[in-house]
Each structure stands twice: as C-alpha cells, then as structure tokens.
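Visitor: I should like to learn how features of a structural model are read. May we begin with the model itself in view?

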2 protein chains.
Amino acid sequence: MTLTLELQTVADAVAEIIRDVSLQPAFAPPQLRRAVLAYPLSGGKALRPALLAWSCRALGGLPPPALRAGAAVELYHTYTLVHDDVIDRDALRRGNPSAHELMEEEGRKEFGLNHGAAHYGISMAILAGDCQQSWAIALLATLPELGADPLVTLRLIHQLQRVVGPAIVEGEARDIQLPFLPVADVSDEAILHMMRTKTSALFSYCGWAGGLLAHGREDADVRALTEFGERAGTAFQLQDDVLGLVGSEEKLGKPVGNDLREGKRTLIVALAWTRADEAERTLLSTVLGNPDATSDEIAAATNLLRHLGAIDDIRAMAARYLREALHYLDSLPDNEGVRLLRELAETMVRREK
Amino acid sequence: MTLTLELQTVADAVAEIIRDVSLQPAFAPPQLRRAVLAYPLSGGKALRPALLAWSCRALGGLPPPALRAGAAVELYHTYTLVHDDVIDRDALRRGNPSAHELMEEEGRKEFGLNHGAAHYGISMAILAGDCQQSWAIALLATLPELGADPLVTLRLIHQLQRVVGPAIVEGEARDIQLPFLPVADVSDEAILHMMRTKTSALFSYCGWAGGLLAHGREDADVRALTEFGERAGTAFQLQDDVLGLVGSEEKLGKPVGNDLREGKRTLIVALAWTRADEAERTLLSTVLGNPDATSDEIAAATNLLRHLGAIDDIRAMAARYLREALHYLDSLPDNEGVRLLRELAETMVRREK
C-alpha cells in the first residue's frame with residue numbers, strides 16, 4: 001500500500017514536470033504535439049523514474065534533480081515505445097491507439113487522407129519519437145538549475161546517449177532480426193543479450209544516474225545500484241514475456257499472444273523448443289511469426305508452453321534475477337529509499353500489467 | 001580555390017572525428033552499424049561544420065571544440081536526413097541508396113526476406129536515425145575534454161534539443177502536411193516558416209554555437225553570427241528548391257523533379273501559381289503530388305515555372321537573403337574566419353549540388 005502511494009507520488013511529480021510548459025519545446029503543428037504528449041501523459045507506472053528517484057534517495061540525494069532526471073528517462077522510454085510500435089506494427093499501447101494509429105486516424109479526419117493515411121501516421125510517429133528523444137535530453141540539460149553539478153549532468157547525458165540509447169536500439173534491432181532465424185539457431189545467450197540491451201540497460205541507467213546525482217562520483221554504492229537496476233530490469237522483462245502470454249488483455253491494454261504472432265524470440269519459446277517433440281514443434285511453428293494465427297491456435301500454443309513447464313521455469317528465472325537484484329542492496333544503508341527499491345523490484349516481478 | 005581547400009580541411013577533420021572509434025557508441029548489430037555510418041561517411045560538403053568552425057574562428061575561438069561540435073551537428077543533420085528519406089520514400093541520397101533502401105536490400109540478402117523486406121528496411125533506418133541523434137549529443141557532451149566550459153557545453157546541448165531539434169521536426173511535419181492543402185490555401189509565410197524551421201534553424205544554430213564557444217556568452221557578435229546563419233540557411237534552401245527543378249541529376253545524386261512529384265510546396269510553385277492562368281494551373285496540377293508524372297510532364301511543368309519567371313525570381317530572392325546574411329558580418333572584425341564565412345555563404349547560394 002505504501003509503495004502504491006509512493007509510486008503514485010513519483011508518477012504525479014513526473015506528470016507535472018512533463019506538463020510544465022516552461023520545460024517543453026514548442027511542439028508544432030498541433031497534430032505532432034498530440035502525438036508527442038500521448039504516451040508520456042497516458043498514466044504510465046513511472047517505474048523507471050521511481051527507480052532513479054529512490055536510488056538517489058537511498059544515497060541521501062535531493063529529490064528535485066532526481067525527479068526531473070526521472071521525467072527525462074520516462075520521455076526517453078516513450079520515444080523508444082513510439083518507434084517500437086511503428087516497427088512492430090502494434091495498434092494499441094496502454095489500451096489506447098498507438099501513436100502512428102492516432103496520427104493515421106487524424107490524417108483521415110483532418111486531411112481527408114485515404115490511401116496515404118497509414119504512411120502519414122508512420123511519418124508523424126517517427127517525428128514524434130524524434131522530438132521525445134530531444135526533449136528528454138533538453139530536460140536533463142536543465143538539471144544544474146536544480147542544483148545538480150554541471151559535470152555530473154554532462155555525465156548523465158553522455159552515458160544515456162553514448163551507451164544506453166545505442167544499447168536500446170541494438171536490442172530493438174536484434175528483436176527485429178531474431179525472428180528471421182530458425183528457433184534452434186537462436187541461443188539463450190542471444191535472447192538474454194537482446195533483453196539486456198533492449199530493457200535492462202535503461203533500468204540499470206536509472207540506478208546509476210540516481211546514485212551519481214547523490215554521490216557525485218561512481219563509487220561502490222553507485223555500482224551496487226547500477227547492478228540492482230540491471231537485474232531488476234531483466235526480471236521485469238522476463239515477467240513481461242510471461243504476461244504477454246498469460247496476462248489479462250484488459251489489464252495489459254493490448255492483445256495477449258501478439259509476441260507469438262510477431263515471432264518474437266523469448267526465453268519461454270526457446271526453453272519450450274528444447275523440450276518439445278516433433279509434433280509439438282510443428283504446433284509451435286504454425287503460430288510463431290504467423291500474423292494470422294487464430295486465438296484458438298494461440299491458446300493451444302500457450303497451453304503447450306505451459307504444459308512443457310516453460311512458463312513456470314521463466315517465472316522462476318525472474319524470481320532468481322529478483323533475488324540477485326535485492327542482494328545488491330544489502331551493502332547499502334538500511335533506509336527508506338532502499339526499502340522502497342526493494343518493494344519496487346518485487347512489484348516489477350509480481351505485477352499483472 | 002582557397003575556400004574549396006578550407007572546406008575540404010573541415011570535411012576531413014569531421015570525417016576523422018566520425019571515424020574515431022573512441023568517440024563512437026558500440027553500434028550493433030553490424031547491419032545497423034552500416035546504416036548509421038552510411039550518410040556521415042558519404043562525403044557530404046560539411047557546410048554546417050564549416051559554418052560552426054568558422055563562426056568560432058571569427059570570434060577568436062579555438063578549433064578543436066568547434067570541429068567536434070561541427071561533427072556533432074553533421075551527425076544530427078544526417079539523423080534528420082535518414083528519417084526524412086523514410087518519410088519522403090526517397091530511394092537515393094548523394095547518389096547512393098538511401099538508408100532504408102540499403103537495409104531493405106540487406107534484408108533480402110542476409111535474411112532472405114521478400115514481402116517483409118521494405119518494412120525491415122524502414123525499421124532499421126528508423127533505428128539508425130535514432131542512434132545518430134544519440135551519438136551527436138554524446139559527442140557534444142565530450143566538449144569539456146577539449147577545453148570547452150561545461151556550462152557552455154550544456155547550453156549547446158540544451159539549445160539543440162529544446163529549440164533546434166523540435167524546430168527541424170516541425171518543419172518536416174509541415175513539409176508533409178502542406179501538400180495536402182490546395183495550392184491557393186498555402187501562404188508564402190507558411191512556406192517560409194516551413195523552410196526556416198526545417199533548414200535555417202540548424203544553420204542559425206551553427207553560427208550561434210561557434211560564437212558561443214569562442215566568447216562564452218551571447219553578446220552582439222554571437223547574435224550577428226546567429227542571424228548570419230539563419231539568412232544564409234534560408235538562401236541555401238531557396239537555392240535547393242531551384243536545383244531540385246533545374247539542377248543536374250548527376251551532380252545532385254538524385255532525380256530532378258521529385259519535389260513536384262511529391263507535391264512539395266515551394267515558394268517557386270506558390271509564385272508561379274499566382275501568375276498562372278487556368279490552363280497553366282491545370283498543367284501544374286497534373287504533376288504536383290502525382291508520383292506517376294512522366295519526365296515529359298515534369299519537363300513541361302518546369303518550363304512553365306521558368307516561363308512564368310518563378311525560378312528567376314526565387315533565385316533573386318536567394319540573392320537577397322545572401323546579401324542580408326553578409327550584412328550581419330559587417331559588424332565583426334575583418335579576419336580570416338569572417339572572410340571564409342562570406343565565401344561560404346556565397347558558395348551556398350551559387351552551388352550546383
């Protein structure tokens with residue numbers, strides 16, 4: 001309960017920063033502005049900002065720069081979501097039309113587009129994501145206004161743009177490419193590397209950035225928070241893969257089973273494949289990467305994954321990553337920030353959406 | 001001749017910075033790396049880096065940080081080109097396949113893609129542009145290594161990401177939208193605003209950034225360089241529109257007349273429209289925004305634009321912007337940097353590619 005309230009406090013603070021016109025670029029034309037603001041104001045869980053803010057708190061840092069940095073990370077995350085939805089052709093995000101779908105619909109209404117509406121939607125979504133990346137960095141660059149050290153601020157920007165951003169993009173590129181390979185040719189290491197770059201890198205950054213804002217240099221405490229964020233991020237992604245198969249569509253705000261239809265390589269599929277017999281592999285092959293797979297076929301494949309123990313084993317793997325994450329917090333002082341980080345990591349794995 | 005050599009010196013220095021692995025993110029997978037490096041290493045003219053470096057020189061600043069900032073601006077420019085080519089569906093850039101075409105072809109070869117190759121190409125190009133934006137900012141964040149002041153460095157990053165980046169995106173969004181409106185409904189002001197955001201903003205930034213690196217604060221000299229860059233940028237874009245109609249395909253490295261086929265609203269078309277009679281407007285309408293217009297139809301429309309005096313008048317307009325740009329240099333000391341800026345602006349308007 002306390003965690004829920006504390007998470008809401010962070011989410012509200014982030015929304016306030018994002019709504020603050022004095023910190024916003026002058027987004028125009030109005031359609032683009034709508035696309036840029038759609039995801040950041042759609043009530044995300046603010047897990048990344050919370051991880052950053054509480055990492056800072058764990059080391060005795062001040063909230064204002066950490067919350068603004070958290071808002072920047074949230075914007076950065078939404079830029080990757082907007083582009084990812086274009087790439088994955090996902091029509092829904094958090095229960096609402098994805099950015100390119102929103103723009104496609106506007107193109108029909110405002111410009112009477114017909115045949116060209118889909119390309120217009122994609123074009124505007126590309127530009128909206130570009131703006132979100134820019135805005136995120138612009139926000140970070142203002143941290144000295146809130147007392148952050150200019151050189152620390154430059155390190156935050158440099159690490160995000162030199163290491164983390166390219167890692168996320170690498171993860172997305174591998175996520176695109178892996179489905180083109182035969183299931184048996186994709187190693188667990190390749191899938192884990194994809195998850196770590198695509199997802200864990202940004203969580204890891206949040207632990208590092210929060211710690212750096214507090215201590216001003218990369219010491220053992222900051223490194224512990226970095227490792228904590230990395231492990232918690234991997235646990236989060238493993239749980240995400242599980243929910244993508246057995247979660248509630250209503251809670252997730254998107255169709256279950258899309259990962260299978262898109263042929264996404266997850267550790268669940270890889271594990272099941274090693275355990276499946278010929279007939280079971282054939283069943284998996286009929287849905288994997290088949291955009292026209294029916295819900296009955298998806299349900300049959302999901303049952304098979306469950307039956308082969310792959311879903312339970314990946315849940316257990318998520319739990320192991322969670323324990324590893326929590327272990328890194330043991331070296332830190334026992335305070336409210338650390339306590340919240342523990343609860344946050346547990347929620348990231350136990351969540352249903 | 002001196003200008004050509006000096007421009008080549010800047011282009012070489014920029015290429016060296018871009019090739020410097022110690023300054024590059026770890027781009028992976030290899031296909032993405034290829035897409036990220038393709039435009040930056042395709043022998044661009046380095047006009048923007050030169051404008052930045054010589055603006056710094058004009059105010060007595062040191063070359064190393066200005067050249068690295070120039071390389072960052074060039075990378076930033078290529079990010080917008082990669083995404084713009086996806087949006088405009090342009091198949092060629094500087095005589096080579098555009099980034100998404102390059103990736104589409106690789107998708108066919110490496111993954112045996114067929115139907116999905118085009119979407120794969122677009123997806124990888126979106127990610128490549130995202131990486132280029134990140135890399136550009138990462139480079140800027142390293143300027144203090146070369147002696148730049150950390151707070152000045154943060155101002156450079158903030159201005160680029162808060163103001164200039166969103167302006168470029170706005171210009172691109174308007175460039176997409178204007179062709180959906182009737183020609184008579186698009187005012188000259190709307191077209192000029194689109195040009196200023198899409199093109200002039202980054203040239204203006206180069207003048208400002210070079211000046212700021214030299215003087216450390218925004219004084220009258222820095223403001224003069226900012227205005228110089230803005231006017232020179234507009235002159236450049238006007239000339240670009242002219243070359244898009246009457247330039248040499250071989251020199252440009254892309255088909256002439258594509259702007260007409262894409263229905264781009266240029267001041268040339270707007271001016272011709274006000275002077276055209278009904279029959280001439282009908283001729284223009286048959287090619288404007290018609291991707292299937294034949295080269296004969298494009299040639300007829302181009303002759304009409306010439307006959308109506310629109311091409312000559314826009315050339316004259318470019319010359320006026322050039323004079324305005326040069327006027328802003330009059331208040332600066334008469335030195336080598338200023339002399340090079342004068343020649344650069346003249347070349348930007350007199351160029352044939």
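Visitor: What should the 28 residues of helix α7 (residues 150–177) of chain B span at 1.5 Å a residue?

Guide: The expected span of a helix is 1.5 Å times one less than its number of residues. For α7 of chain B this gives 40 Å, and the end C-alpha atoms are 39 Å apart, which agrees. Helices here are DSSP runs of H or I with at least four residues, strands are runs of E with at least two, and both are numbered from the N terminus.

Guide: A word on conventions is due. This is a predicted model, in which local features need pLDDT of at least 70 and side-chain atom pairs count only at pLDDT 80 or more, while totals for chains, interfaces and linings use all residues. Residues are numbered from 1 along each chain as its sequence is written, and chains are lettered from A and ligands numbered from 1 in the order in which they are written.

Visitor: Where is the kink in α7(B) centred?

Guide: The bend at a residue is the angle between axes fitted to the seven residues ending there and the seven starting there. In α7(B) the kink is about 35 degrees and is centred on B:L160.

Visitor: How many of the 28 residues of α7(B) are buried?

Guide: A residue is buried if 20 or more other C-beta atoms, placed from the backbone, lie within 10 Å of its own, exposed if 12 or fewer do, and partly exposed in between. By that rule 22 of the 28 residues of α7(B) are buried, and the helix is mostly covered. In chain A, buried residues make up 53% of the 353 residues.

Visitor: How many residues of chain A are in contact with chain B?

Guide: Two residues are in contact if their C-beta atoms, placed from the backbone, lie within 7 Å. Here 44 residues of chain A meet 44 residues of chain B. On the side of chain A that touches chain B, α4 (63–88), α6 (117–141) and α7 (150–177) each supply at least two residues. The largest share, 18 residues, comes from α7(A).

Visitor: What is the make-up of that side of chain A by class?

Guide: The classes are nonpolar (Ala, Val, Leu, Ile, Met, Phe, Trp, Tyr, Cys and Pro), charged (Asp, Glu, Lys and Arg) and polar (the others, Gly among them). The side of chain A that touches chain B has 29 nonpolar, 10 polar and 5 charged residues.

Visitor: By what turn and shift can chain A be laid on chain B?

Guide: Copies are superposed by least squares on the C-alpha atoms of residues with pLDDT of at least 70 in both. A turn of 180 degrees and a shift of 0.0 Å along the axis lay chain A on chain B with an RMSD of 0.0 Å. The two copies are therefore related as by a two-fold rotation axis. In chain A, the C-alpha nearest the axis belongs to A:P150, at 3.1 Å. The same surface serves both copies, since 100% of the contact residues of chain A recur in chain B.

Visitor: What radius of gyration would a compact globule with 353 residues have?

Guide: The radius of gyration is taken over C-alpha atoms, and the globule rule is 2.2 Å times the number of residues to the power 0.38. That places a compact globule near 20 Å, and chain A has 20 Å, which agrees. The C-alpha trace of chain A spans about 60 × 55 × 35 Å along its principal axes. Chain A has 16 helices and 2 strands. Of the contacts in chain A with a separation of 6 or more, 73% are between residues 24 or more positions apart.

Visitor: Is B:W54 buried or exposed?

Guide: B:W54, in helix α3 (residues 47–58) of chain B, counts as buried because it has 28 C-beta neighbours inside 10 Å. Leaving aside neighbours within four places in sequence, B:W54 is in contact with B:G210, B:G337, B:L340, B:L341 and B:L344.

Visitor: Which backbone angles deserve notice in chain A?

Guide: The peptide bond from A:A28 to A:P29 is cis, with omega near -10 degrees, and A:P29 lies in the loop between α1 (2–19) and α2 (30–38). A:A46, a residue other than glycine, has a positive phi near 60 degrees. A:R94, which is not a glycine, has a positive phi of about 50 degrees and lies in the loop between β1 (92–93) and β2 (96–97) of chain A.
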